[in-house]
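Good morning, colleagues. Please look at the sequence and the structure on the screen while I describe them.

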Amino acid sequence: MKTMELTPTTVANYNSMAMTTRVSNFKKAAKKFFKATYRFFMVISPVYPQYVESQKRMA
């Protein structure tokens, strides 16, 4: 079994790698969210004017 020496430097490197991973994961998640939001608005945008007109007729 491989042992690892625990020093402040190794802890700092580990924390740095963990933070880099978190930032990377956040960027990926944000990109997916914005792409999905964009696709959603592209799908409903042709329908929106018809919806507004139908609401005006009902009022």
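How much area does the protein chain expose, and what share of it do carbon and sulfur atoms supply? The protein chain exposes about 6000 Å², and carbon and sulfur atoms supply 67% of that area. Accessible areas here come from the Shrake-Rupley method with a 1.4 Å probe, and for residues only the protein chains shown count as cover.

This is a predicted model, in which local features need pLDDT of at least 70 and side-chain atom pairs count only at pLDDT 80 or more, while totals for chains, interfaces and linings use all residues. Residues are numbered from 1 along each chain as its sequence is written, and side-chain values use heavy atoms, with hydrogens and water left out.

Let me turn to the overall form. The protein chain has 2 helices and 0 strands; these are DSSP runs numbered from the N terminus, helices being H or I of at least four residues and strands E of at least two. The radius of gyration of the protein chain is 24 Å, well over the 10 Å that the globule rule gives for 59 residues, so the chain is more spread out than a compact globule. That radius is taken over C-alpha atoms, and the rule is 2.2 Å times the number of residues to the power 0.38. Along its principal axes, the C-alpha trace spans about 75 × 20 × 15 Å.

Buried residues, those under 20% relative accessible area, make up 0% of the 59 residues. Exposed means over 50%, and partly exposed lies in between. In helix 1, N15 is partly exposed at 45%, and I44 is partly exposed at 32%.

Notes:
Buried < 20%, exposed > 50% of the residue type's maximum accessible area, 1.4 Å probe, protein only.
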